[in-house]
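User: Please take a close look at one part of this model, the second largest pocket, and set it in the context of the protein around it. I would like a connected account rather than a list.

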Amino acid sequence: MLTQAPKGTQDMLPKDSHRWHKIEDTMRRMCALGGYREIRTPVFEHTELFQRGVGDTTDVVQKEMYTFMDKGNRSITLKPEGTAGVARAMIEAHLYAEPLPQKMYYVSCPVFRYEKPQSGRLREHHQLGVEVFGAKDASIDAEIIRLAMDILEGNGVHGLSLRINSIGCPTCRKAYNDALKAFLEPLLPDLCETCRGRFDRNPMRIIDCKEAKCKALIQNAPAMLDMLCDECANHLEKLKGYLDVIGVEYEIDKGIVRGLDYYTKTVFEIITKMPDGSELTVCGGGRYDGLVQQLGGPEMAGIGFGMGVERILMVQDMLGFEAQAPRLLDAFIVTMGDEARLAGEKLVRSLRIFGIKADLDHCARSMKAQFKYADKLGAAKVIILAGDELEKGVAKIRDMETHEEIEKPLDEIVKAIKQGV
């Protein structure tokens, strides 16, 4: 067990790091275009933050959180999602007093959920996310949806479809909950234990049950979409209009409620079609207009999305998308003898100062073995330093693709490599 990663976790190996970097770089580039700035929050928070923010009727809080008592006898939880921590940071730092909206993103945010490991979702996985505070208009809903799709498409995830819904607000949700409970009450004996526990506290969460038996029983349940108040209905119509304007096709899906209690009004999921014809959710999000106030801050609108890095990587593999790995080294210095080695160390330093990726042997290999090693590393050029060359104050540069060699004075080597000679 000592040399095996814990269940539900995995390593990012050096050979795969460029794939993660490509995803992260795409996220940063796309977000910068819209004026979003990066935020980083702690890996753990006070447990109450998630109980109040995410909701104590959710599977996340009830079943999936990694919670422990620290040495100060405080209940601490490894964050199971990114939004609550960002909202807490905004309140603590009084960002609501700065120009609004506050547009933020996070990159490869570690998230911890104790659940059965799934394909593309682990007990420790990493999320890309966007959070916007202080924007009430549906235009921001459309903006972040388009942003999410651009990030996915920029990482080779195509064939996307958008499904949207509105789950209302506290004003219209009370009447809906009454109607839903009236529908569900006769079914209670046949629903799963989890759904029965949700009946009084948050009946809408029953709509999100993944048990096949429950899904069959509630398929004709009343839909929140049919009972929206005027404000929520108008917001949805505006969103549809904005999506039309920016060329995003969508489908209304009354079954989307999302799994966290803080959502209001807009909720959405972005789906990709897999080669076998199946569908996979690659991004989800929505509005949480009451979250900041619920956590002790001022009344403030909020909206965001999250997507898993591991899931993107999995989809890339299934779709055959390959992010090209950058060249590891521009130059490798082959040396023979102690004097040449000292000169090689000096030359490596000079090359790196000028932004040239360079290295030399650190394992006391023979010259032949050094050439083989340089070839395995994919070095574009090999610089040869040996006794005869050093006496003349020169070095040989070998092109590893053409095998052509030229000789240059030592003080011209950096310039030659930089010019691609």
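Analyst: The account below begins with the pocket, moves to one strand of its lining and the nonpolar cores, and ends with the overall form.

The model is a predicted one. Its second largest pocket has a volume of about 820 Å³. A total of 38 residues line this pocket, and C169, P170, T264, D289 and G290 are those that lie nearest its centre. Two or more lining residues come from each of helix 2 (47-55), helix 6 (170-184), helix 9 (230-245), strand 9 (264-273) and helix 10 (291-294). Helix 9 provides the largest share of the lining, four residues. In chemical character, the lining divides into 15 charged, 13 nonpolar and 10 polar residues.

Strand 9, one of the elements that contribute to the lining, also holds E269. With a cut-off of under 20% relative accessible area for burial, E269 counts as buried because its value is 18%. Leaving aside residues up to four places away in sequence, E269 touches S161, L162, R163, I256, R258, T281, C283 and G284.

Two of those partners, C283 and G284, are also touched by F305. The other contacts of F305, again without residues up to four places away in sequence, are Y106, L128, G129, V130, I144, L147, A148, I151, F268 and G285. F305 belongs to the largest nonpolar core, which has 97 residues; together with V130 and I270, F305 touches the most other members of that core. Helix 5, residues 138-154, gives the most to this core, with 10 residues. Apart from it lies another core, of 18 residues, including I333, A340, I383 and L390. As a general background, nonpolar side chains in soluble globular proteins tend to be buried together.

The overall form completes the picture. The protein contains 15 helices and 16 strands. Buried residues account for 50% of its 421 residues. Of the contacts with a separation of 6 or more, 69% are between residues 24 or more positions apart. The radius of gyration is 28 Å, whereas a compact globule of 421 residues would have one near 22 Å. The C-alpha trace spans about 95 × 50 × 50 Å along its principal axes.

Note on methods. Residues numbered from 1 in each chain as written. Predicted model: local features only at pLDDT ≥ 70, side-chain atom pairs only at ≥ 80, totals over all residues. Heavy atoms only, no water. 1 Å grid on protein atoms, 1.4 Å probe; cavity = no way out; pocket = protein on both sides within 12 Å on 5 of 7 lines; lining within 4 Å. Points joined across faces, edges and corners; volume = space filled by probe spheres on them. Nonpolar A, V, L, I, M, F, W, Y, C, P; charged D, E, K, R; others polar. Buried < 20%, exposed > 50% of the residue type's maximum accessible area, 1.4 Å probe, protein only. Contact = heavy atoms within 4.5 Å. Core = buried A, V, L, I, M, F, W, Y, C linked by side-chain atoms within 4.5 Å. Rg over C-alpha atoms; globule rule 2.2 N^0.38 Å.
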